[in-house]
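The following exercises are to be worked through with the structure in view, and each is followed by a solution that proceeds step by step.

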Amino acid sequence: GVELPAERFVVLHPFSRGEGKSLSAGQVELLCAALAPHPVVIVGRADLDLPPMREGVLDLLNRTSLSELVAVTRRAGFVISVDSGPMHIAAALGDRLVSIHTWSDPRKVGPYAPGAWVWKAGRLQRMGDYNTSPRGGRDRDEELDAASLEVIAARAKAEL
């Protein structure tokens, strides 16, 4: 097996098969930098190779079976994931999670753990609060900007 970091780490699942759900390689790099000095383990599947990341980032992209993905997620201190199957695995294991939704509606697709965090339309809030917050019309779709990545990283660091 793979040697995971001894200290608490963040699992980052940045890619999804759904169109427009994935982070770019540049966004992955920014997020990993913002999470420093905490170790990061990148998981999932993608048809691309990431550039070399900072020290403390373990790139397991395309290198875990489903059971290994569950084991790594279970060991994580916190998970950051785009809306995807592995996000649902993380939500099933607990609420130490930020789920990133660019165009999907968390009310329809989850995460369903009320304590999990959701980033949608430029806001980061707990799923339980998101479910009950008034909607001034439909939440707009939004690209993740550098400021949002910083906010997501700060939430993960606060939870570690």
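**Exercise 1.** In this predicted model, determine which residues of β5 lie on each side of the strand, and whether they are buried or exposed.

*Solution.* Begin with the general rule that side chains in a regular strand alternate between the two faces of the sheet. In β5, Leu97, Ser99 and His101 lie on one side, while Val98 and Ile100 lie on the other, and all of these are buried, so that both faces of β5 are covered. Buried here denotes a relative accessible area under 20%. Since five of the five residues of β5 (residues 97–101) are buried, the strand is largely enclosed by the rest of the structure.

**Exercise 2.** Identify the strands with which β5 pairs, and in what sense.

*Solution.* Take β4 to start with: β4 and β5 pair in the parallel sense over four bridges, and within this pairing leucine 97 is the bridge partner of valine 79. The connection is then traced through helix α3 (residues 85–93), which together with β4 and β5 makes a right-handed β-α-β unit. Turning to β6 (residues 117–120), β5 is again joined by four bridges in parallel, with histidine 101 partnered by lysine 120.

**Exercise 3.** Place these strands in the order of the whole sheet, and explain why one side of β3 and of β7 lacks a neighbour.

*Solution.* The open sheet has seven strands in the order β3-β2-β1-β4-β5-β6-β7, with mixed pairing. Because β3 (57–59) and β7 (123–126) stand at the edges, each has a single partner strand, and one side of each is therefore left without a neighbour in the sheet. Neighbouring strands of this sheet are turned by 20° against each other on average, direction ignored.

Terms used:
Residues are numbered from 1 along each chain as its sequence is written. This is a predicted model: local features need pLDDT of at least 70, side-chain atom pairs count only at pLDDT 80 or more; totals for chains, interfaces and linings use all residues. Side-chain values use heavy atoms; hydrogens and water are left out. Two strands pair if DSSP finds at least two bridges between them. Helices (H or I, at least four residues) and strands (E, at least two) are DSSP runs, numbered from the N terminus. Axes are lines fitted to C-alpha atoms, for helices over the stretch in contact, and angles run from 0 to 180 degrees between N-to-C directions. Buried means under 20% relative accessible area, exposed over 50%, partly exposed in between (1.4 Å probe, protein chains only). A crossover is right-handed if, with the strands pointing away from the viewer, the path from the first strand over the helix to the second runs clockwise.
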